Structures are given as structure tokens and as C-alpha cells.
Amino acid sequence: MKFGGTSVADPDAIDRLIGIVRQQIRSNPKASRAPVVVVSALAGVTDALVAIAQLAEEGEADRAAAALQALVDRHIAVATAVTTDSRERLVAEVRREFDELIGLVHALAVLREVSPRSRDAVLAAGELVSSRIVAAAFADRSIPSAWIDARAVLITDAEHTAAVPDMPETCARAAARIAPLAAAGKVVVLGGFIGATANGMTSTLGRGGSDYSAAIFGACLDADEIQIWTDVDGMLTADPRIVPQPRLVPQLSFAEASELAYFGAKVLHPSTILPAVAKNIPVRILNSRRPENGGTRITSDGAPAAGQLTAIACKRDVTVIDITSTRMLMAHGFLRRLFEVFERFKTAVDVVTTSEVSVSVTVDDTRRLEAILDNLHNFAEASCEREMAIICAVGENLRADPTLFGRAVTALDRIPLRLVSQAASRRNITFVLRDADVPHAMTRLHEQFFQRS
Ligand code: ADP
Ligand code: ASP
Ligand code: MG
């Protein structure tokens, strides 16, 4: 059971969390083990830590210290409010965690340098303290519980800020450390998002990574279900911050959920589905403010509503790169050379389209864009266009109903489309367009597919 930032934001939210876990235990009296709880940092804390790391990098030691003090105060207030017997010990632990962080941030501010590795150490503090607070709150409400430092279990590579889990090692540790406690009826509480490298350096799975942590632990422990508790009713037909009143998608397939998460449905971290697929464990997205609602159930086959798209998502602020070569585009080896450039600079390509003389691709990560263009210029003309976006319409039905594609294009008839593609899975249609056109385009598509009587 994973609870996101808003689901642990304050004492009321933590009370709701405890009620939800208690209900889960009560409704399964024959369960052979207790649920495992994975929590995010309190709402807004990771963003605050990002800002603090930024201040340190700028050498703003005093401002960083003031921002840290505000975080200390907030956590102590929450810790105090949700505990009784454990209060003193918990407050001391929270202080100790923050004292370490204050020392680290001060050192970074003196050096004016924050490496990815140091950044991970700073960001991890949010989940380290939130998980301790939640574990203590369980204990003080007579729910047997145990806090485990996620860094002792979730082992990753050293790709700091976007670390990749070592599943065999993580599963071995989960079996040794989490499983026996859960089998003894203890609610194990761990921080999401964080892990450690084989030699013990703190690492993180990338922003939004607590969902991924929950799926990793769930897969390792062969959980019956992976529950993602958040602040919306489930996967919605579109991002509610862009389209007014999207609808709930009650069921979808792993493949659909992966596409939606990858193309911007923030409710799930894009890697969440991978561990679930490996063990065929259903994933549920639920609203912690409305636990009685059924939420969204994600399974291997899903159950698409007849003749419908499942949902639409968008990935904003991407860059299109056009690569043109009149002489050798279709010569064999050209595409290999082209993609080798992206591989060399570790930059993922999202959408690809080709014509007789050109290839267009989109990238999200532009940190190495100049170097990529320089290298492409060795054998082709290349130019880029920023402030673009990808809209992805997803649905298993796209395969069976070829008219859906036409309806989608028609819905966007007055909006300039830069690229359009449909890959072999025929589970999605992808449009690349100007970022400024996204709200209008999303609304038009949503009206076309989800708001008709
Ligand atoms: P948490 O802190 O619980 O992990 P997030 O903020 O990461 O929550 O994800 C939930 C948010 O994702 C929602 O509040 C919503 O604004 C956003 N979101 C974007 N696209 C979708 C979608 N298709 N369905 C549901 N929520 C979405
Ligand atoms: N707290 C982390 C973040 O904000 C991880 C998460 O919430 O999933 O990115
Ligand atoms: Mg999230």
C-alpha cells in the first residue's frame, strides 16, 4: 500500500492512512501477512529539498538553512500531533535526521557544488522522516508495526537521481528483512523513492519514484495487489489539470497504463508497471480521501469499454529534432549511425517518424542537445524546434477499430500537427504539436471520445 505526498501531508491525512490500513487488515482476517506500507515525503517536501539543493549550489548557505528550519518545524509539528507514547523518541529521531541534513547542506553550500550523488542524499531525507513518523503513528494506535530503512533493502545501480533497481539483490533482502515481519503480523513501513547503491551510497529512483518502490517491494514479496493511494479517484481519461472533469477509467491493461504513465499521466511513475507485469500482480489506484470508491484496476488484460479509447495523456515541453540527408537516408546503416548518437549521449527518443529524406524524433531530456546536434552534423543536416509537446491517445480498442484513428485526427482538424505516428502495438496514436496548443487539443480530443452521449 503506497501513500503519496498528499496522503501523508498532515496529521489528518496520516489518520486517514491509518484508518485505510486498519480497514485493509480487518477486511482480510484470514490473511497470512500484514500489508506493507510505502510512503512518500509529506506533500511539497521533495520540492522544498530540491530548492534547498539549488540554494546550496548557489552558495546561499543562510537561505538554505532558513528553508531547512521551516522543514524541521513542520515535521516536528506533525510528529508531535500523530504520536503519544512514541513522541519523544520520534521527535529525537526526526531531529537527528535533520541535523545530519543541515550539516550536509552547509558543506555543499560552502563548496557550491551539488553532485547527483549529494542531491540524492538531500532529497532522500523527505522519505526517511515521513516513514519514521508514519511507523510511530501506527505503533501508538496499537497496530504492530516496524520501520525499515528502505536503503537497506532497495539496492540500485549508481545512476544517481534516476537509479535502476537490482531486482535479485532487492528481492533477496526483502525476503530476509520484510517478509518475516509481515508474516508475524507487523505493518512494515518504508520510505518510497529511495534506495542505496551496492556500496551503501543513498540513491533515488527519480521524481515520483515512490510508486515504483511500492511495485518493486510488491513484486519481490509476491503481493496479492499493489495499491497506489493518491489524491484522485484513479486513472482519469485525461490530466485533470488540463481537461475539466475527466472521467474515471475503472479498468485498464498493464500495457495501456505503461503508455499513459510514460506519456505524462503523473498519477503513476512510468516504471511502476514493470515489476507488476513480471509477477502479474494487479495494480490499483485509489483515492485516500474516498477509500470506499473502487478506483482503477490495472491487470494484464484490462477490460476496455467497447469501441472506446481508454484515456489520453500529454508530455509537455519536448524538443523535435529533424535530421535530413538527401544522399544517404535510405542507405543501410544510416539509421544505426543516427541512433548511435542518441545512445552515446544517453538521451531517450520518444517519437520517431520518417519520410523519404528525413527522420524526425522527439526528446525530453535536452541536457546534451548541443553535443547531439554537433555529432549529427557529421553526416546529416539537423535542426531542432523547442516548446513542442506529445499527445498520446491510448486504447486496446485502437487495434480493432480503425475508425478511432480518423476520429482523433478529425477532432484536431484546426490544430497544426507536426508529427503523427502509430506504432506496431497499435495501442496508441501519438501526435506531436506546439506546446501552446496542448490545452485546446486535449480538450477537443476529450470531447470527441469521452463527453459524447
Ligand atoms: P502522489 O503524490 O499521490 O504520488 P501525484 O501528484 O504524483 O500524487 O499524482 C497524482 C496527480 O496526477 C493527480 O492529482 C493529477 O493532477 C495528476 N494526473 C495527471 N494525469 C492524470 C490522469 N490521467 N489520471 C489521474 N491523475 C492524473
Ligand atoms: N517524494 C518524491 C517526489 O516528490 C517521490 C514521490 O512522491 O513519489 O518526487
Ligand atoms: Mg506521484
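Is T296 buried or exposed? Select T296 to begin; this is a predicted model, and at 0% relative accessibility T296 counts as buried.

**Stop 1: T296 and its surroundings**

T296 sits in strand β11, which covers residues 296-299. Show its side chain as sticks and look for two polar partners. A polar atom of that side chain lies 2.8 Å from the backbone nitrogen of M235. On the backbone oxygen of V249 you will find another pairing, with a polar side-chain atom of T296 at 2.7 Å.

Now display what touches this residue. Setting aside neighbours within four places in sequence, T296 is in contact with D233, G234 and M235, with L248, V249, P250 and L252, and with V283, R284 and I285.

**Stop 2: ligand 1**

Next, select ligand 1 and bring up what lies around it. There are 16 residues around this ligand, and K2, T230, D231, L236 and K266 come nearest. Three polar pairings are worth labelling here:

- A polar side-chain atom of K2 is 3.0 Å from an oxygen atom of ligand 1.
- T230 also uses a polar side-chain atom, 2.7 Å from an oxygen atom of the ligand.
- L236 takes part through its backbone: one of its polar backbone atoms is 2.9 Å from a nitrogen atom of ligand 1.

**Stop 3: ligand 2**

Move on to ligand 2. Which residues are around ligand 2? They are S40, T46, E127, F193, R207, G208, G209 and S210. Try measuring from the oxygen atoms of the ligand:

- S40 places a polar side-chain atom 3.0 Å from an oxygen of ligand 2.
- R207 has a polar side-chain atom 2.6 Å from an oxygen of ligand 2.
- G208 offers a backbone N or O atom, 2.8 Å from an oxygen of ligand 2.

**Stop 4: the cysteines**

Select the cysteine sulfurs now. How many disulfides does the structure hold? It holds one, formed by C171 and C220 with their sulfur atoms 2.1 Å apart. The pair links distant parts of the chain, 49 residues apart: C171 belongs to helix α6 (residues 167-177) and C220 to helix α8 (residues 210-220). Check the dihedral as well: the torsion about the S-S bond of C171 and C220 is about -75°, so this disulfide is left-handed. C220 is buried, at a relative accessible area of 12%.

Then pick C314 and C392. Why do these two not form a bond with each other? The closest cysteine sulfur to that of C314 is in C392, and at 10 Å it is too far for a bond; for comparison, the cut-off for a disulfide is 2.5 Å. Both residues are buried: C314 has a relative accessible area of 8%, and C392 has a relative accessibility of 0%.

**Stop 5: helix α12**

Select residues 369-376, which make up helix α12. Its buried residues are L369, I372, L373, N375 and L376. Look down the axis: these residues fall within an arc of 165°, so they line one face of the helix. Turn to the other side of α12 and you will see E370 and D374, which are exposed. The buried residues pack against β12, α11 (334-344) and β15.

**Stop 6: helices α14 and α15**

Finish with α14 and α15 shown together. In α14 (403-411), the buried residues are L404, A408 and A411. Viewed down the axis of α14, they fall within an arc of 65°, so they line one face of the helix. Their cover includes α13 (397-400), β17 and α15.

Now take α15 itself, residues 438-450. A quick geometry check works well here: at 1.5 Å a residue, its 13 residues should span 18 Å, and the end C-alpha atoms are 17 Å apart, which agrees. Colour the buried residues of α15, namely V438, A441, M442, L445, H446, Q448, F449 and F450. They cover an arc of only 160° around the axis, which puts them on the same side of α15. Add β12 (311-324), β15 (381-394), α14 and β17 (428-434) to the view, and you have the elements that the buried residues of α15 pack against.

Notes. Residues numbered from 1 in each chain as written. Chains lettered and ligands numbered in written order. Predicted model: local features only at pLDDT ≥ 70, side-chain atom pairs only at ≥ 80, totals over all residues. Heavy atoms only, no water. Helix = DSSP H or I, 4+ residues; strand = E, 2+ residues; numbered from the N terminus. Expected span 1.5 Å × (residues − 1). Buried < 20%, exposed > 50% of the residue type's maximum accessible area, 1.4 Å probe, protein only. Arc of directions from axis to C-beta. Contact = heavy atoms within 4.5 Å. Near = heavy atom within 4 Å. Polar contact = N/O pair within 3.5 Å; in protein donor to acceptor, adjacent residues only side chain to side chain.
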